[in-house]
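Here are my notes after going through the model, as numbered points. Have it open while you read.

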Amino acid sequence: MLITVTCASTDVVYSLEVSPEIELENFKVLVQVESGSIGMTDMVFFHNGKLLIEDKKSLAELGVQNNDVLLFGPLPHGSITNASSPPRTGRPVSSVHAGAGIDWGSVHVPSTSHTRTQQHSRQRIDSNNPEVIRTMFLSDPHQMSLLKERNPRLAEVINSPIDFEKVFEEQRVERLQIERERIQLLAADPFDPEAQAKIAEEIRMETVNQNMHTAMEHAPEVFAEVYMLYINVLINGHQVKAFVDSGAQMTIMSKSCAERCNFMRLVDHRWQGMAIGVGQQKIIGRIHMGQIQIEKDFLSTSFTILENQPMDVLLGLDMLKRHQCCIDLKKNALIIGTTNTETRFLNESELPDCARLNRKRVHQSTESFQEEEDRLLAEALIKSQSDAKS
């Protein structure tokens, strides 16, 4: 629920989204953090002119409802005794004047701020409606692109109202749980090393978010997806889209492409092994010399044949250095240094399907990737030992 909190001595108004089950003592800590008054031990709250003194009760149990306004300030000296024990005078707690020591006439909440608070409340209420959020994203392509970048899990179910509501609610509950744990940690002891580490991490994330917003404003192109460099080539009369990769040590061809280009008859299987880099691939063998046509040039190169390579052909550093190739990003072309032939890099619409990398594969967990790599390496070692014995 949304609670509006205002200070008894200033015009500052805070709008906080909290759970109705949050206890008063934890709510005090949250207000202290938001208002910058951490360490205030004599803070009290007033709700509809009534002093809230039972720290262990939740806001719902104290009668606070959605869109209510709470007044807070320091406890006036001598106005009330310890809330956890009866007053020494013997009077009941209810007989203590709720506004003792506070000049209610000096409390000023500007009408414009109140109007903004009401408008903000309506916006926050609408933001809790999954269907309203889903419709907003679908109607704004820019916001949709940001959602795919920042929350891919929610973006995947944007076209299903039921699934979207389910994921939206799960993430909302998760955020509330994190906030609840944060408040409890700060309420226990704000100077505890763990609490201090939590505060430091929040400060760091605030700096990171500011840096991201600055980048979005001044350099939005850094958030665009960059596609790799491909060119059109002819191999044995077959049209192939080749990936230009100056970071690869050798030129690679997939088994399916070798079969399609009728090159399997030239494969030397004595060059079998494992290619290890970003992941692992089984090497079937090697074609020691093959011909590749780029524009009107016929160039010779060797091909290492991989079994499950998604790209048809990858032009590695061995071929690029042999023919003194230059990657000219200003001209958006590959220049063959030995013949001065230029061939343009393909546009996004001309790229093969394997060039559009799945984000799940790019952002897969490091642990699962390492486990798969270790398993493949162990299998390769066992096979190598078996071949050596035979």
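**Notes on the model**

1. Let me start with a strand pairing: Ile336 has Thr341 in β15 as its bridge partner. Keep in mind throughout that this is a predicted model. The strands concerned, β14 and β15, run antiparallel and are joined by 4 bridges. Together they make a hairpin with 4 residues between them, and in that turn Asn340 takes a positive phi of about 60 degrees.

2. Staying with β15 (residues 341-344), look at where its side chains go. Thr341 and Thr343 point to one face and are buried, while Glu342 and Arg344 point to the other and are not. That fits the usual pattern, since in a regular strand the side chains alternate between the two faces of the sheet.

3. Which other residues have a positive phi without being glycine? Asn332 is one of them, with a phi of about 55 degrees. Asn332 sits in the loop between β13 (325-328) and β14 (333-336), and counts as partly exposed at 33% relative accessibility. Asn67 also has a positive phi, of about 70 degrees, although it is not a glycine. Its place is the loop between β4 (50-52) and β5 (69-74), and Asn67 is partly exposed too, with a relative accessible area of 36%. As background, most residues other than glycine have a negative phi.

4. Now the interior. The largest nonpolar core has 27 residues, and Ile231, Val233, Ile235, Met253, Ile305 and Val313 are those with the most contacts inside it. Elements that each supply at least two residues of this core include β6 (230-235), β7 (238-244), α8 (255-260), β11 (297-306) and β14. What does β10 give? With 4 residues, β10 gives the most to this core. Apart from this one lies another core, of 21 residues, among them Leu16, Val18, Leu30 and Phe45. In general, nonpolar side chains in soluble globular proteins tend to be buried together.

5. Ile305 deserves a look of its own. Leaving aside neighbours within four places in sequence, Ile305 is in contact with residues including Met253, Ala258, Val267, Ile283, Ile284 and Ile287. Its contacts also include Ser254, Lys255, Lys282 and Gly285.

6. Last, a polar side chain in β10. Gln293 lies in that strand, which covers residues 279-294. The Gln293 side chain reaches the backbone oxygen of Glu295 at 3.0 Å. With neighbours within four places in sequence left aside, Gln293 is in contact with Val233, Leu234 and Phe298. Val233 is also one of the residues with the most contacts inside the largest nonpolar core.

Definitions and conventions
Residues are numbered from 1 along each chain as its sequence is written. This is a predicted model: local features need pLDDT of at least 70, side-chain atom pairs count only at pLDDT 80 or more; totals for chains, interfaces and linings use all residues. Side-chain values use heavy atoms; hydrogens and water are left out. Buried means under 20% relative accessible area, exposed over 50%, partly exposed in between (1.4 Å probe, protein chains only). A polar contact is a pair of N or O atoms within 3.5 Å; within protein, one must be able to donate a hydrogen and the other to accept it, and residues adjacent in sequence count only if both atoms are side-chain atoms. Contact means heavy atoms within 4.5 Å. Two strands pair if DSSP finds at least two bridges between them. A nonpolar core is a set of buried Ala, Val, Leu, Ile, Met, Phe, Trp, Tyr and Cys residues joined through side-chain atoms within 4.5 Å.
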